[in-house]
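Subject: A structure for you to explore

Hi there,

Here is the structure I promised to hand over. Have a look around it first, and then read on for what turned up.

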Amino acid sequence: MAVQNITMPQLGESVTEGTIERWLVQPGDKVKKYDPLAEVITDKVNAEIPSSFEGVISELLAEEGQTLPVGSVVCSIEIASDSELPPPPPPKKSAVSSAILNAGVQKKQEVPKTVPMPAQTEKTVRSDKLRYSPAVLKLAQEHDIVLDQVAGTGEGGRITRKDLQQLIDAGGAPTNIASSVVSTQTPVDTTSSAPSSIQQETSVPSQPLAQGRDIEIPVTKVRRAIANNMVRSAQEIPHAWMMMEVDVTELVSYRDHIKTEFKQKEGYNITYFAFFVKAVAQALKEFPMLNSVWSDDKIIQKHDINISIAVASDDALFVPVIKHADEKSIKGIAREIYELAGKARDGKLTMENIQGGTFTVNNTGAFGSMQSMGIINYPQAAILQVESIVKKPVILQGGMIAARDIVNLCLSLDHRILDGLICGKFLKRVKEILENTSKSSTSVY
């Protein structure tokens, strides 16, 4: 027998550490190659660490809640010698397993089995069933599902996201508190007012707060990871800031003119943000220094222009990436914004979706913001805040005053890499592109 170590993987280009959120195995457990060993959380994503070997867990070398740098040993596995190892799996299964390993944050995929599995003991099924993935936990919380009442179809009785979705679609998911009480009563017509006794039983007990008392809100692991990354960025990067006002009257008119027809034809919205991302991508080709990262003794100027866009949920911030944005049309960018935002809200972002960003554009205008200074998405060189578009009186040539659509572009820059001169030229170029976007000069296709 030989012992092999499992190390903390690098779950993202700029990720340097990860926190063991929960162990899914214990010493003495048998695991197969690609089985999940632990749930890990970083400032970029939640993921599972897969096993690189088949064998028996020898020792867990990290505790739950412990943060370790990438490459640190987290556990050891006792594996059989080459002569004792089973024959390699057929090509089809191997391809699936390889895809799982490369995906990193994707759920473990189900491989159809044609041979009946031997009956498992209740103890074994129960042990695996409790290994809930982040996706399963999220879906259960959203629909108030009692997981220990769900029969899993995964290996060893493990509950999969597909199991929950089938129950939800069929309307048969066992739910918590309110739903459990209702299920024991005579069916109630939810479209009409229920008797007061039913309402009291089915409502979740609330704990009224004493007037004038502080409220303690526990910090989630996701929020802590975000906080750590923001602190690192603020401490290591010397931030500088500048703002430029842009007249986007023609752009607004053009977008408003085509938005209804576009939505009917394409099935998603053509947003103002898509025009801004396209303009930034075009300007980055002309000013590639802003498409750089700091790397200790050197500055790395990135060849690909991959725009990170900030997408926020109630308690987390995700930064999916539009790859090769300079090669895409405004329509193509609008589609990616729509799809990536949907994946972020549904918890379906993969490692491929969040890796490789070279410059970040943040749509702070969606909240009505007029002016803000963004914290740079480490280790990128800059972040651009697109503020709210508002009507303002503007003095035109000849002294005439007109109401125009104006937006502020706020740029935060890493002063180790960039200086005010080049950033001023970059913002001026973005301004020129946007102010010359119109029905007569610009195509979204």
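A good place to begin is Leu-37. It counts as buried because its relative accessible area is 1%, and the cut-off for buried is under 20%. Please keep in mind that this is a predicted model.

Where does Leu-37 sit? You will find Leu-37 in strand β4, which covers residues 36-41. Beyond its close sequence neighbours (those within four places), Leu-37 is in contact with a list of residues that includes Ile-6, Trp-23, Val-31, Ile-57 and Ile-77. Try also picking out Val-74: it is 37 residues away from Leu-37 along the chain, and the two C-alpha atoms are separated by 9.8 Å.

Next, the nonpolar cores. The largest one has 77 residues, and Ile-307, Phe-359, Leu-411 and Phe-426 have the most contacts inside it. Which helix gives the most to this core? That is α9 (residues 272-286), with 10 residues. If you select Leu-411 and set aside neighbours within four places in sequence, its contacts include Trp-241, Met-242, Phe-359, Ile-383 and Phe-426. There is a second, separate core of 8 residues, among them Leu-139, Ala-140, Ile-145 and Leu-147.

Helix α8 (residues 249-266) is a nice one for practising a small calculation. At 1.5 Å a residue, its 18 residues should span 26 Å, and the end C-alpha atoms are 24 Å apart, so the two values agree. In case 18 times 1.5 puzzles you, the expected span uses one less than the number of residues. Follow α8 along and you will also see a bend of about 45 degrees at Lys-259. Just after α8 comes Gly-267, with a positive phi of about 90 degrees.

Several residues of α8 are buried, including Leu-251, Val-252, Tyr-254, Ile-258 and Phe-262. What do the buried residues of α8 pack against? Their partners are the strands β9 (239-247) and β19 (401-414), together with the helices α9, α10 and α12 (420-435).

Last, take a look at Asp-326, in the loop between β15 (321-322) and α10 (330-346). Is Asp-326 buried or exposed? With a relative accessible area of 18%, Asp-326 is buried, since the limit is under 20%. Its side chain makes a polar contact with the side chain of Lys-285, at 3.4 Å. Leaving out neighbours within four places in sequence, Asp-326 is also in contact with Lys-278, Ala-281 and Ile-305.

Enjoy exploring!

Best wishes

Terms used
Residues are numbered from 1 along each chain as its sequence is written. This is a predicted model: local features need pLDDT of at least 70, side-chain atom pairs count only at pLDDT 80 or more; totals for chains, interfaces and linings use all residues. Side-chain values use heavy atoms; hydrogens and water are left out. A nonpolar core is a set of buried Ala, Val, Leu, Ile, Met, Phe, Trp, Tyr and Cys residues joined through side-chain atoms within 4.5 Å. Buried means under 20% relative accessible area, exposed over 50%, partly exposed in between (1.4 Å probe, protein chains only). Helices (H or I, at least four residues) and strands (E, at least two) are DSSP runs, numbered from the N terminus. Contact means heavy atoms within 4.5 Å. A polar contact is a pair of N or O atoms within 3.5 Å; within protein, one must be able to donate a hydrogen and the other to accept it, and residues adjacent in sequence count only if both atoms are side-chain atoms. The bend at a residue is the angle between axes fitted to the seven residues ending there and the seven starting there.
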